[in-house]
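This briefing covers a single predicted model. The notes below are grouped by topic.

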Amino acid sequence: MSGVDALTGVYTLPCPGRGESRVRLSSFREIERLPGPAHPSIYRVVFDCSCGGDHVALVGHDALDWAPLGLDEATTFLNLMTSRTDDLATELVALASARIDRGEWPWSFFCYLEDAPRPVTPSSFRLLDGSVHRVAVAVSCPCCGSTSINLVTPAHVDVPFHSDRSVGVVAGAFEDRSLATRETFRAELSAAIIDDRRLELHA
Ligand SMILES: [Zn+2]
Ligand SMILES: [Zn+2]
């Protein structure tokens, strides 16, 4: 299983060549919930490693969605400057909770079908592609269940509570099967008509 550093949003995942690899969410390529009764759920993640390969890792639901915010109690914090790890964890939790209470959400996307911005967490990301000049992310909408493709900056996915002011939205809502593989995802992207939409959440 993986570890994540809530201070930097960096996941530590296994690399067969180097032992481990430090990756951000924008280097993830596929995120798929594994069937079965595991609680919390386990996700199969394919990520683009700095060694040049793609690897598979298993990431728990808490680590995927909440650890980048410091909301996962099992998270270990790598703060080399001080040894105040407990204080720091408490601070991060308080900070993230306060922002969510104010209606700010750590991640958001634009749902094509509903024609509206929606809050989301990384476990709703299905596929990501970095071959275009922005990061293309296919998101399964937690509100309506349709899948939209947004084009965003890496920071939009990597930095919780940082959202691009506007994002590119591929025209169309997508069936799961048309995005079944990274190849079909790329084919959709290459044929895509893209509009810019403002991404302001009004909670
Ligand atoms: Zn590697
Ligand atoms: Zn929706």
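S5 and S6 pair in the antiparallel sense, with seven bridges between them. The two strands form a hairpin with five residues between them, and Cys-51, a donor to the zinc ion (ligand 1), sits in the loop between S5 (42-48) and S6 (54-60). A second zinc ion (ligand 2) has its own set of four donor atoms.

**Strand pairing around S5**
- Within the S5 and S6 pairing, Val-45 stands opposite Ala-57 in S6.
- In the turn of the hairpin, Gly-52 has a positive phi of about 105 degrees.
- S5 also pairs with strand S4 (residues 28-33), again in the antiparallel sense, over five bridges.
- Glu-32 has Arg-44 in S5 as its bridge partner.
- In a regular strand, side chains alternate between the two faces of the sheet.

**Zinc ion (ligand 1)**
- The coordinating atoms are SG of Cys-15, Cys-49 and Cys-51 and NE2 of His-55, at 2.1 to 2.3 Å.
- The arrangement is tetrahedral because the four donor atoms subtend angles of 103 to 118 degrees, and the criterion requires all angles to lie between 85 and 135 degrees.
- The ideal angle for four tetrahedral donors is 109.5 degrees.
- The donor residues follow the spacing C-x33-C-x1-C-x3-H in sequence.
- Cys-15, in strand S2 (residues 10-15), and Cys-51 are 36 residues apart, and the pair links distant parts of the chain.
- Cys-15 has a relative accessible area of 4% and is therefore buried, the cut-off being under 20%.
- Cys-51 is partly exposed, with a relative accessible area of 35%.

**Zinc ion (ligand 2)**
- The protein donors are Cys-111 (SG), Glu-114 (OE), Cys-141 (SG) and Cys-144 (SG), which lie 2.0 to 2.3 Å from the ion.
- This site is tetrahedral, with angles of 97 to 119 degrees among its four donor atoms.
- The spacing of the donor residues in sequence is C-x2-E-x26-C-x2-C.
- Cys-141 counts as buried at 3% relative accessibility, whereas Cys-144 counts as partly exposed at 33%.

**The chain as a whole**
- The secondary structure of the protein chain consists of four helices and 13 strands.
- The chain has 203 residues, of which 44% count as buried.
- Among contacts between residues at least 6 apart in sequence, 51% join residues at least 24 apart.
- The accessible surface of the chain is about 10,400 Å², and 52% of that surface belongs to carbon and sulfur atoms.

Definitions and conventions
Residues numbered from 1 in each chain as written. Chains lettered and ligands numbered in written order. Predicted model: local features only at pLDDT ≥ 70, side-chain atom pairs only at ≥ 80, totals over all residues. Heavy atoms only, no water. Donors = N, O, S within 2.8 Å, 3.2 Å for Na, K, Ca; no water. Tetrahedral: all angles 85-135°; square planar, octahedral: opposite > 155°, others 65-115°. Buried < 20%, exposed > 50% of the residue type's maximum accessible area, 1.4 Å probe, protein only. Contact = heavy atoms within 4.5 Å. Areas by Shrake-Rupley, 256 points an atom, 1.4 Å probe, with all protein chains shown as cover. Pairing = 2+ DSSP bridges.
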